[in-house]
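Me: I am in my first year and would like to take a close look at one part of a structure, and then see how the rest of the model is laid out around that topic. Please take it slowly and in full sentences.

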Amino acid sequence: MTTHKLLLLPGDGIGPEVMGEVRRAIDWMNAQGLTSFEVEEGLVGGAAYDAHGQSISEDDMARAMAADAVLFGAVGGPKWDDVPYDVRPEAGLLRLRKDMELFANLRPAICFGALAEASSLKKELVDGLDILIVRELTGGVYFGEPKEITDLPNGQKRAVDTQVYETYEIERIAAVAFDLARTRDNRVCSMEKRNVMKSGVLWNEVVTEVHKRDYQDVELSHMLADAGGMQLVRAPKQFDVIVTDNLFGDMLSDVAAMLTGSLGMLPSASLGAPDGNGKRRSLYEPVHGSAPDIAGQGIANPIAMLSSLAMCLRYSFTMGDVADRLERAITTVLDQGLRTGDIMQDGMTKVSTEQMGDAVVKAMGEG
Ligand code: NAD
Ligand code: IPM
Ligand code: MN
């Protein structure tokens, strides 16, 4: 079996706690001969800042570029509220995305049957929900220049962020969304705000053009992103694949997360373009953050992180069968009634991060 190199970047807050459960799952899969991963760990976010004054060191950046895949926990927290903007914890994640050219962020929101009642929406609205948000990840207002705060002569300040998209950036993310739709229910809804933003006008035009040129078999619809947010909570099951820009994708995926019961459930894959050999850079991370409010208590839900590992197995290593097994194990423990605090329901068994990870690995062993 080929040995693959994984770089784990646990980060801050609950990041290391949920990554611990991924480590446990990898060790078990390696021991069973299901995988052959060589695992290294690095520092990112506040942890990296504390160690060397940067949100990721050049050395760890180089290891991320060289790894077959990166697994990322979460970064940030009140401890680093006052550090300089350029080295704040979140900058480490943004640098990884930009330098690794991870333009396609896949955020599936799947509502497990056992959790349909844990959603803040009525059970019938979310039961069976399976949507995929395809978020553009290396452009838009996150990276556009200028990005600055300047002093005005009248003593006030002026803050500028710049939303920029070029045709090729929209073309490639649209193609990812259409390709994925073909493996699902074959429907894409593109969201922008063409009514107020030039980048929205271009987004709409380019998505329409890519569809007309290469993907006429896929059903395409368009929605203004604000209305899209409303539709996501009104009738989420109307969607299959949603393709949208960096900022709208960030917000809409947090909304989608709550449809599934908890932010602690949503995984994501951030992918680059395939090279000549079909290999692509990739980073897998939960959608949630470092959850400072519950960090250090051992109660975080590790399922988003474990599901991110499943996405890694599927997208970076074509180990779909092992990914299926891990996802089945997650379904099994939820069906058994095990719940971390964020998804706790009456009559269920409350477990810690470690107990949940343990149960998932045990269920993997049983099939
Ligand atoms: P958050 O996602 O960290 O937490 C939001 C809420 O969801 C909290 O109440 C938290 O307890 C809960 N939650 C999140 N993940 C959970 C889990 N696995 N199990 C149980 N409950 C969970 O968002 P926030 O509080 O807005 O941000 C905190 C910090 O995290 C900030 O510094 C932010 O910049 C950072 N952040 C990082 C990432 C990332 O590293 N990818 C993502 C989002 C936010
Ligand atoms: C996410 C996070 C990040 C983002 C932050 C931590 C930079 O919220 O991955 O959803 O805004 O993209
Ligand atoms: Mn976010």
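Which of the 22 residues around ligand 1 come nearest?

Reply: Please keep in mind throughout that this is a predicted model. Of the 22 residues that surround ligand 1, the ones that come nearest are G76, G264, H288, G289 and N301. If the whole shell around ligand 1 is sorted by class, it divides into 11 nonpolar, seven polar and four charged residues.

One of these names returns when we turn to the other ligand, since the residues that surround ligand 2 are E90, L93, L94, D250, V287 and G289. The shell around ligand 2 has three nonpolar residues, one polar residue and two charged residues. Helix α4, which covers residues 89-99, gives the largest share of that shell, namely three residues.

From the ligands we can move on to the sheet. It is an open sheet of 10 strands with mixed pairing, and its order is β2-β1-β3-β12-β11-β4-β5-β10-β8-β9. The edge strands are β2 (37-41) and β9 (219-224), each of which pairs on one side only. From one strand to the next, the twist averages 20°. At one end of that order, strand β1 (residues 4-11) pairs with β2 in the parallel sense over five bridges, and here L8 stands opposite E41 in β2. Towards the other end of the order, helix α7 (residues 198-214) lies across β8 (187-192), β9 and β10 (241-244), and this helix runs at about 160° to β8.

A last place to look is a pair of helices. Two packed helices are described by the angle between their axes and the distance between the axes. For helix α10 (residues 303-317) and helix α11 (residues 320-335), the angle is about 160° and the axes are 7 Å apart. Angles over 145 degrees count as roughly antiparallel, and α10 and α11 are therefore roughly antiparallel to each other. The crossing in which α10 passes α11 is left-handed. On the side of α10, the contact is made by I303, L306, S307, L309, A310, L313 and R314, while α11 brings G320, V322, A323, L326, E327 and I330. Sorted by class, the residues of this contact between α10 and α11 divide into nine nonpolar, two polar and two charged.

Key:
Residues are numbered from 1 along each chain as its sequence is written. Chains are lettered from A and ligands numbered from 1 in the order in which they are written. This is a predicted model: local features need pLDDT of at least 70, side-chain atom pairs count only at pLDDT 80 or more; totals for chains, interfaces and linings use all residues. Two strands pair if DSSP finds at least two bridges between them. Helices (H or I, at least four residues) and strands (E, at least two) are DSSP runs, numbered from the N terminus. Axes are lines fitted to C-alpha atoms, for helices over the stretch in contact, and angles run from 0 to 180 degrees between N-to-C directions. Two residues are in contact if their C-beta atoms, placed from the backbone, lie within 7 Å. A residue is near a molecule or strand if its C-beta atom, placed from the backbone, lies within 6 Å of it. Ala, Val, Leu, Ile, Met, Phe, Trp, Tyr, Cys and Pro count as nonpolar, Asp, Glu, Lys and Arg as charged, and the others, Gly among them, as polar. Angles under 35 degrees count as roughly parallel, over 145 as roughly antiparallel, 65 to 115 as roughly perpendicular and the rest as oblique. A crossing is left-handed if the near helix is turned anticlockwise from the far one by less than a right angle, and right-handed if clockwise.
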